[in-house]
Amino acid sequence: HAAIAQGFAAPVRVERDATYALGVHQHPFHARALIIEGEITLGVAGVSRTYRPGDIFDLPENTPHEEHAGPQGVVYVSARKERA
């Protein structure tokens with residue numbers, strides 16, 4: 001898997017229902033995710049972008065963002081890369 005070769009941990013499957021929403025927060029790790037089903041919208045620096053099946057998003061560590069699932073929820077595979 002390419003992400004593992006780039007220093008990411010093994011990916012995990014994440015499922016969120018249509019009510020999922022999380023206000024502004026950040027993670028102490030770099031996150032990369034591949035959307036499998038549904039959609040998720042991420043807001044970073046006042047700009048929102050919706051990701052759908054086949055899309056990949058990258059969130060560098062400590063990036064403030066908000067997120068919410070689409071009307072059918074979202075399923076994605078996510079990998080983390082901890083700071084060395």
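In the predicted model, valine 44 has valine 47 of strand S4 as its bridge partner. This pair belongs to the antiparallel arrangement of strand S3 (residues 29-44) and S4, which are joined by five bridges. Two residues lie between the strands of this hairpin. One of the residues in the loop between S3 and S4 is alanine 45, whose phi is near 55°, a positive value in a residue other than glycine. Most residues other than glycine have a negative phi. Alanine 45 counts as exposed because its relative accessibility is 75%, above the 50% cut-off for that class. Glycine 46 is also placed in the loop between S3 and S4, and with a relative accessibility of 80% glycine 46 likewise counts as exposed. In sequence, glycine 46 is 13 residues from leucine 59; in space, the two C-alpha atoms are 15 Å apart.

Strand S3 also pairs with S5, again in the antiparallel sense, over four bridges. Within this pairing, arginine 32 is matched with aspartate 58 of S5. Strand S5 (residues 56-59) presents two faces: Phe57 and Leu59 form the covered one, whereas Ile56 and Asp58 form the uncovered one. In a regular strand the side chains alternate between the two faces of the sheet. The bridge partner of arginine 32 is thus a residue of S5, aspartate 58, that belongs to the uncovered face of this strand. Beyond S5, the loop between S5 and S6 contains asparagine 62. The phi of asparagine 62 is near 60°, which is a positive value in a residue other than glycine. Asparagine 62 has a relative accessible area of 40% and is therefore partly exposed, as this value falls between the 20% and 50% limits.

Strand S6 spans residues 65-82 and includes histidine 65. With 1% relative accessibility, histidine 65 counts as buried, because the value is under the 20% cut-off. The side chain of histidine 65 makes a polar contact of 3.3 Å with that of histidine 27. When neighbours within four places in sequence are left aside, the contacts of histidine 65 comprise Gly23, Val24, His25, Gln26, His27, Gly43, Val44 and Leu59. Among these contacts are Val44 and Leu59; valine 44 is the residue bridged to valine 47, and Leu59 is on the covered face of S5.

Valine 74 is a further residue of strand S6. Its relative accessible area of 2% is the reason why valine 74 is classed as buried. Apart from residues up to four places away in sequence, valine 74 touches Val14, Glu15, Arg16, Ile35, Glu37, Gly38, Glu39, Ile40 and Ala69. Valine 74 and alanine 18 are separated by 56 residues in sequence, but their C-alpha atoms are 7.5 Å apart in space.

For the protein as a whole, the secondary structure consists of one helix and six strands, in the order α-β-β-β-β-β-β from the N terminus on. Of the contacts between residues at least 6 apart in sequence, 73% join residues at least 24 apart. The C-alpha trace spans about 35 × 25 × 15 Å along its principal axes. The radius of gyration is 12 Å, which agrees with the value near 12 Å that a compact globule of 84 residues would have. Buried residues account for 33% of the 84 residues. The area exposed by the protein is about 5100 Å², of which carbon and sulfur atoms supply 53%.

Confidence in the model averages a pLDDT of 93, and 93% of the residues score at least 70. The highest confidence is found in strand S4 (residues 47-51), at a mean of 98, and the lowest in helix H1 (residues 2-5), at 67. Where pLDDT is low, the predicted coordinates should not be read in detail.

Notes:
Residues are numbered from 1 along each chain as its sequence is written. Side-chain values use heavy atoms; hydrogens and water are left out. Buried means under 20% relative accessible area, exposed over 50%, partly exposed in between (1.4 Å probe, protein chains only). A polar contact is a pair of N or O atoms within 3.5 Å; within protein, one must be able to donate a hydrogen and the other to accept it, and residues adjacent in sequence count only if both atoms are side-chain atoms. Contact means heavy atoms within 4.5 Å. pLDDT is the predictor's confidence in each residue, from 0 to 100. Two strands pair if DSSP finds at least two bridges between them. The radius of gyration is taken over C-alpha atoms; the globule rule is 2.2 Å times the number of residues to the power 0.38. Accessible areas come from the Shrake-Rupley method with a 1.4 Å probe; for residues, only the protein chains shown count as cover.
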